[in-house]
Each structure stands twice: as C-alpha cells, then as structure tokens.
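User: I have a structure to go through and would like short, reasoned answers. Please keep to what the coordinates support.

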Amino acid sequence: SASARFHLAVDGGLDEINTGPDYTGPPMHTMAIFAEPHDPSKPTKGQPGVVWIEPGDTIPDASALPANTSVLAFGPGVHRVAPNSDGYQVYTLVDKVRLHLSLGAVLHAGLTSDPGATFGTQTLHVSGHGVISGEENLREAHSDNRHLSRSTPHAGCADNNAPRGLSIKGAATAILDGVTMVDHPNLHIIATAVGDCVDGAP
C-alpha cells in the first residue's frame, strides 16, 4: 500500500488483432492495473437494511430477503450462485435493492433483471469494487454440437444462449458502478427497452 509508478510498453496485441467470434489464434490477454479505490458508499456489516453475505452463505433471492433490505452486500472472498435448471449460475437482481461487491469479492454468476417485472418499473443498482465472473458458466454449444472455445471455429453467435454478464430489459433505472466483469460466455452487458409502453414511465 504505497505509491508506485508504472511504465508499460505495448507490442500491438489487441490493437492490431480482432479477437471476435471468428478468431482462431492463440489466447490473447490484457493487462489491468487496479489501484485500491476509496469507496465512501460501501455498506458495513450490521448496518440497518444491509444483508451481508460471507463466502459459503446461501445467496438469498427476492423472496428470502427481509422487507427492509436496501443493500445485498458480498464480503471479500469467493461467492457462487447455485446453478439453475439449465446448469447456469444466474442471479436475478432485486428491485430497489443495491447489489454491492466489496473489494476482494468475486461473484460467480450472470446477473439479470426480473423477466416477469412490468416494463419500466424496476430500479436496479450494482456497485462496489469486486469482480463478477462468468468463468464457471460454459459457453453453449451450437446446433452442430461443437463446444465453442478459442481453438474451435464456429458459425456465429446467434444460437449462444449462455448467460450474459449483466442483462437488463425494460428497467426504469439501472446503475452499474465500479465492478469488474470477466470471462462471461456470452455478451458482458446488454441493456434493452423491451416491453409494452406504460403511461407515465420513463
């Protein structure tokens, strides 16, 4: 925890090579340097309205949260959402409950808005300085049964229904602040306005 100075020489890499869906070369990696941030809005364990999750705890869905919950906070360490019936780790964000990842927290999951919510009614907030990882959600094989990987050519992305890092449809308000998203098998962030118009909704 001290000041540091970095000098980084770049050899082209991702600036010169398209690593999109049709890329078949060796893995390409990026370098990220994270400075420990000051987080004035971070919740604390025991704070009113905060449900604090430690590694290994069951992650509650909307039906299991106390009525006064305003923040679902993940402490430092590794957290895993239980796989759904399709075998994927997906967590449905709760309306008006901020999901916060503490520095050092890693959440293995794709996040999604509530697909059953009325269009234009959800207020969603994801914050913190932890990591949302999709590395344990496998990319879905295509119709020709080839499992997709960096070493296997494929025909495109249209039939990849694996979870996205964050998928939001028809929310009134959505805030994504500070978190790092890595290794999701589909797109990382998708926000769309899909649904019927509601009078008075933004």
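The questions below take up backbone angles, one side chain, the core and a sheet of this predicted model.

User: What is the phi of lysine 96, and is the residue buried or exposed?

Analyst: Lysine 96 sits in the loop that links strand S4 (90–92) to strand S5 (98–101). Exposed requires a relative accessible area over 50%. Lysine 96 has 55%, so it is exposed. Although lysine 96 is not a glycine, its phi is positive, at about 65°.

User: Where is aspartate 183, is it buried or exposed, and what is its phi?

Analyst: The residue lies in the loop between strand S12 (180–182) and strand S13 (189–192). Its relative accessibility is 53%, so aspartate 183 counts as exposed. Aspartate 183 is a residue other than glycine with a positive phi, near 60°.

User: Is histidine 100 buried or exposed, and which side chain does its own side chain join in a polar contact?

Analyst: Histidine 100 belongs to strand S5. The limit for buried is under 20%, and histidine 100 has a relative accessible area of 2%, so it is buried. Beyond its neighbours within four places in sequence, histidine 100 is in contact with residues including Asp39, Lys42, Phe74 and Gly128. The polar contact spans 2.8 Å, and the partner side chain is that of serine 127.

User: How many residues has the largest nonpolar core, and which strands each supply at least two of them?

Analyst: Those with the most contacts inside the core are Leu72, Phe74, Tyr91, Leu99, Leu101, Leu107 and Leu111. At least two residues each come from strand S1 (50–53), strand S2 (71–74), S5, strand S6 (105–108), strand S8 (123–128) and strand S10 (166–169). In soluble globular proteins, nonpolar side chains tend to be buried together. The core has 24 residues.

User: Which residues is leucine 107 in contact with, leaving aside its neighbours within four places in sequence?

Analyst: Leucine 107 is one of the residues with the most contacts inside the largest nonpolar core. With those neighbours left aside, its contacts are Ile59, Phe74, His79, Val81, Leu99, Leu101, Val131, Ile132 and Ser133.

User: Which strands stand at the edges of the open sheet of 4 strands?

Analyst: The strand order is S4-S7-S10-S13, with parallel pairing. A strand with a single partner has one side left without a neighbour in the sheet, so the edges are S4 and S13.

User: Which residue in S7 is the bridge partner of threonine 92?

Analyst: S4 pairs with strand S7 (residues 110–112) in the parallel sense, over 3 bridges. Among the bridge partners, threonine 92 is matched in S7 with threonine 112.

Conventions
Residues numbered from 1 in each chain as written. Predicted model: local features only at pLDDT ≥ 70, side-chain atom pairs only at ≥ 80, totals over all residues. Heavy atoms only, no water. Buried < 20%, exposed > 50% of the residue type's maximum accessible area, 1.4 Å probe, protein only. Polar contact = N/O pair within 3.5 Å; in protein donor to acceptor, adjacent residues only side chain to side chain. Contact = heavy atoms within 4.5 Å. Core = buried A, V, L, I, M, F, W, Y, C linked by side-chain atoms within 4.5 Å. Pairing = 2+ DSSP bridges.
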